[in-house]
Amino acid sequence: MIVIENVGPASTKLHKRQGIKRLRWGSLFTLMVVIYGSHAPLITLTKVGGEVPFNPSSCVVLIELAKLLISLVTLVLTGSFSALRSRPTLIIIAPYAVPAVLYALNNNLVVHMQAYMDPSSYQVLSNLKIASTALLYSFCLGKKMTFRQWFALGLLMTAGVCHSYSSLDLEDTQGKSDANEHSKLHITAWGLFLVLLYCCVSGLAAVYTEMVLKRQKLPLSLQNLYLYVFGVALNLVLSFFTTANGRGFLEGYTSVVWVIIAGQAVNGLLMSVVLKHGSGITRLFVISCSMLVNALMSWAMLGLQITPVFLLPVTMIGLAAYLYYR
């Protein structure tokens, strides 16, 4: 007699729940890819005379403030507001100060490095964070990966290095017009240094945040609240120093800047969901897959010329995603 298990209404409900779960994660992944891929082109679109006209620190403050307010509203709507009635101990809230410092540095680096490279160069080179994130992910969280997965992540890093080598521009670009600046792939030596620093800080921030979110059994909205309180306070202090240098808090703000703020606030909250309930490696593939969105927006909005060489790292990233999740 042959017995077939998991057949019937229970099995159907299980498959339905799994399908809904995949749909939710797929929608979340797609939305994050679109937001992440559009970030660099939108910043470049705001440039006047090759420089961003707004205060980068104030922009980060508003992003953190938006995430804080959304987290507070979510805490109330989900019925978890009672968790705030008990005074949290220093041991609980102190760990959230560390990622706040790292993310503050990271967010400001994202804006400042745009002056030294085109959006697609930034998007591809940002894949170098895969090396630091994967190593920290394996070491700090004790996650073991197969040889194929390590090879896939190494392939992503190689894609960024290949693009860096093919588009490196050591010449002075100060005398170039905006049209020439956006007409081809380019990156300066200072821009390469900043993107390497950005990748290391980004990897450390992501791994540390995932470790804190998963180890503390608290509602995610409450954890976000702790995280963004430190983020708002720290970035607000930084913005005062920048304002003192002559640029007002909201000076140079346009509708595009407000779109950037809204998008980055939503993306930050979605990323916390991934780190809490998923894996930090998913974050890396969000970054990689968003390169297509970045390239299309750079072509449509900035007139960036996509050369055949650019297709090489794109193909390598696609192959890496296939190998890792096969």
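**Salt bridges, cores and surface of an all-helical chain**

The structure, which is a predicted model, holds two salt bridges. In one of them Glu64 is paired with Lys67, and the closest N and O atoms of the two are 2.9 Å apart. These partners both belong to helix H2, where they are three residues apart, about one turn of the helix, and both Glu64 and Lys67 are buried. The other pairing joins the side chains of Glu210 and Lys214, with an N to O distance of 2.7 Å. Here too the two residues share a helix, in this case H9, and are four residues apart, about one turn of the helix. Their surroundings can be described separately: Glu210 counts as buried, at 1% relative accessibility, whereas Lys214 is partly exposed, with a relative accessible area of 29%.

With regard to the overall architecture, the protein chain contains 13 helices and zero strands. Of its 326 residues, 47% count as buried. The chain exposes about 16600 Å², and carbon and sulfur atoms supply 69% of that area. When contacts between residues at least 6 apart in sequence are considered, 87% of them join residues at least 24 apart.

The largest nonpolar core comprises 27 residues, of which Cys59, Met113, Tyr122, Tyr198, Tyr253 and Ile261 touch the most other members. At least two residues of this core are supplied by each of the helices H1 (9–45), H2 (56–77), H4 (97–112), H5 (119–125), H9 (189–215) and H11 (255–277). A second, separate core consists of 22 residues, among them Leu28, Met32, Tyr96 and Tyr226.

Two of the highly connected members of the largest core, Tyr253 and Ile261, may be followed through their contacts. Tyr253 lies in the loop between helix H10 (220–244) and H11, and Tyr253 is buried because its relative accessible area, 15%, falls under the 20% limit. Apart from neighbours within four places in sequence, Tyr253 is in contact with Phe54, Asn55, Ser58, Cys59, Leu62, Trp258 and Ile261. The C-alpha atoms of Tyr253 and Pro53 are 7.6 Å apart in space, although the two residues are 200 residues apart in sequence. Ile261, with neighbours within four places in sequence again left aside, is in contact with Cys59, Leu62, Ile63 and Tyr253. Cys59 and Leu62 thus appear among the contacts of Tyr253 and also among those of Ile261.

A further set of contacts involves helices H4 and H9. Asn106 is found in helix H4 and is buried, with a relative accessible area of 6%. Residues up to four places away in sequence not being counted, Asn106 touches Tyr198, Val201 and Ser202. Val201, for its part, lies in helix H9 and counts as buried at 9% relative accessibility. Beyond its neighbours within four places in sequence, Val201 is in contact with Leu102, Leu105 and Asn106. Val201 and Pro99 are 102 residues apart in sequence, while their C-alpha atoms are 9.8 Å apart in space.

On the surface, a nonpolar patch of about 380 Å² is made by Tyr116, Trp190, Phe193 and Leu197. Tyr116 is found in the loop between H4 and H5. With a relative accessible area of 31%, Tyr116 is partly exposed, and Tyr116 can therefore be counted in a patch, for which over 30% relative accessible area is needed.

The cysteines were examined last, and the count of disulfides comes to zero. Cys199 is in no disulfide, and the nearest cysteine sulfur, that of Cys200, is 6.9 Å away, a separation that does not meet the limit of 2.5 Å for such a pair. Cys199 counts as buried, at 2% relative accessibility. Cys140, by contrast, is partly exposed, with a relative accessible area of 32%.

Note on methods:
Residues numbered from 1 in each chain as written. Predicted model: local features only at pLDDT ≥ 70, side-chain atom pairs only at ≥ 80, totals over all residues. Heavy atoms only, no water. Core = buried A, V, L, I, M, F, W, Y, C linked by side-chain atoms within 4.5 Å. Buried < 20%, exposed > 50% of the residue type's maximum accessible area, 1.4 Å probe, protein only. Contact = heavy atoms within 4.5 Å. Patch = residues over 30% accessible without salt bridge, like charges linked within 9 Å, V, L, I, M, F, W, Y side chains within 5 Å. Areas by Shrake-Rupley, 256 points an atom, 1.4 Å probe, with all protein chains shown as cover. Salt bridge = Lys/Arg side-chain N within 4 Å of Asp/Glu carboxyl O.
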